[in-house]
Amino acid sequence: MFIPSYPPPEPRHYAAFVESMPSLEGRTIAITGCTSGTGLVMARTCGREGARIVMLNRPSQRAQRALEELKGEGIDAALVACDLQRFASVHEAAELLAQRYPEGLDVLCNNAGVMGLPDRATGDGYDVQMQTNHLSHFLLTALVWPLLAAAAAAHGEARVVNHSSGARRGAPLSADYLAAKGGELGGDGFPGFGKWRRYQQSKLANLLFTYALHDHIAAERPGSGVKSLCAHPGPTNSGLQAKTSDAGGTRVLDQLILWRTLRVAHAVEDGALGLLRAACDPEVESGAFYGPEGRGQPGPAMLLPAERDAEGERLLWDASLAATGLSAFFEAGEQLCRAVVDSQRATDKVAQL
Ligand SMILES: NC(=O)c1ccc[n+]([C@@H]2O[C@H](COP(=O)([O-])OP(=O)(O)OC[C@H]3O[C@@H](n4cnc5c(N)ncnc54)[C@H](OP(=O)(O)O)[C@@H]3O)[C@@H](O)[C@H]2O)c1
């Protein structure tokens, strides 16, 4: 690793935010990518306020350590294996969630992310950044839709919270990045910009998905009570930058981008405030977007202006359905949940014989 290691900054806004949080007793919150960084802060913070935490992580020692850390604090936490680089793993995770949490999920936080990785295809054929950061989250959200609707029916509302980035700004969304063209999307050669364009497209996809989901809920499942929200953390000293460097981000341009981020980055606790606000603030409305104000300026979670792009949202929705093999978004999860209920009924019947 070439980037200078900046000591983690002190949190400046986190404590005040936590003071303002409502009790989360009786709520179930599922979070992707909570082995470290903003996801782990969110899991810990919501768990301390009484929420039941479902940790959607790919299997690893890090995942196990994070689970033990939360349990060690007395938090009601469980691990559900979910590797966002594999659609099959997302399907398995959604099935487990339907079996274990039929009463519903109050929040699905699509937080996990990778940044600036080499031009590589996943086993499913998609760009590793786009599949991890967006496509698998799109699939997961569709498959657990009935669980969100169930929690909303029980508690008045439920929320999907996506995690974007200041890096979303740049080129409009291109269908190429959502197609099965992994490994053919700009390469890693001079000047090394391809990996950053791929990251930009995946983080733009997070915001466009939020707005597209908001619109599709209003049109196809009005009155469901499920809100679609987005946050971005601002430059945050989370360890994400070192992972980019370790994955081959050693060119001058890579190092410059990572150095510039870390130089102004705030503490990971402050980086989680957008997510926490979108997930927990009682006042939020569907379609809202939270993050630090200004370009690259660390600070508290502010409500940001909407950045709607109707064409990009349509492109994103259709291309994401095609990539994940779904013929219809809401129906996919409804079918899955019916199948889980039917199979449980059949098992119960056999047990009674
Ligand atoms: N840090 C920043 O400056 C910054 C700025 C803008 C946006 N963001 C966004 O913030 C989010 C959280 O990042 P962070 O800064 O907190 O970084 P982080 O500490 O590296 O956290 C990333 C999380 O994503 C998980 N993850 C990666 N690949 C996965 C996969 N295939 N399946 C399941 N989980 C996977 C990681 O788990 P493993 O331990 O298994 O790898 C980890 O828990 C990301 O979406 C990122 O794009 C960060």
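Student: What makes the pair formed by the ligand and the backbone of Asn111 a polar contact?

Tutor: In this predicted model, a polar backbone atom of Asn111 is 2.8 Å from an oxygen atom of the ligand. A polar contact is a pair of N or O atoms within 3.5 Å, so the pair qualifies.

Student: Which side-chain atoms of Ser36 and Asp83 pair with the ligand, and at what distance?

Tutor: In Ser36 an N or O atom of the side chain is 2.7 Å from a ligand oxygen. In Asp83 a polar side-chain atom lies 3.0 Å from a ligand nitrogen. Ser36 is also among the closest of the 30 residues that surround the ligand, together with Thr35, Arg62, Ser238 and Lys243.

Student: Why is α4 called oblique to α13?

Tutor: Helix α4 (residues 87–100) packs against helix α13 (residues 329–352) at about 55°, with the axes 10 Å apart. That angle is neither under 35 degrees, nor over 145, nor in the range 65 to 115, therefore α4 is oblique to α13. Their crossing is right-handed.

Student: Which residues of α4 and α13 meet, and how do they divide by class?

Tutor: Ala94, Glu95, Ala98 and Gln99 of α4 meet Leu336, Cys337, Val340 and Gln344 of α13. The contact has 5 nonpolar, 2 polar and 1 charged residues.

Student: What makes α5 roughly parallel to α7?

Tutor: The axes of α5 (residues 128–143) and α7 (residues 194–220) cross at roughly 20° and come within 7 Å. Angles under 35 degrees count as roughly parallel, so the term applies to α5 and α7. The crossing of α5 and α7 is left-handed, and their contact has 6 nonpolar, 8 polar and 3 charged residues.

Key: Residues numbered from 1 in each chain as written. Predicted model: local features only at pLDDT ≥ 70, side-chain atom pairs only at ≥ 80, totals over all residues. Heavy atoms only, no water. Axes fitted to C-alpha atoms, helices over the stretch in contact; angles between N-to-C directions. Helix = DSSP H or I, 4+ residues; strand = E, 2+ residues; numbered from the N terminus. Left-handed = near helix turned anticlockwise from the far one by under 90°. Contact = heavy atoms within 4.5 Å. Nonpolar A, V, L, I, M, F, W, Y, C, P; charged D, E, K, R; others polar. Near = heavy atom within 4 Å. Polar contact = N/O pair within 3.5 Å; in protein donor to acceptor, adjacent residues only side chain to side chain.
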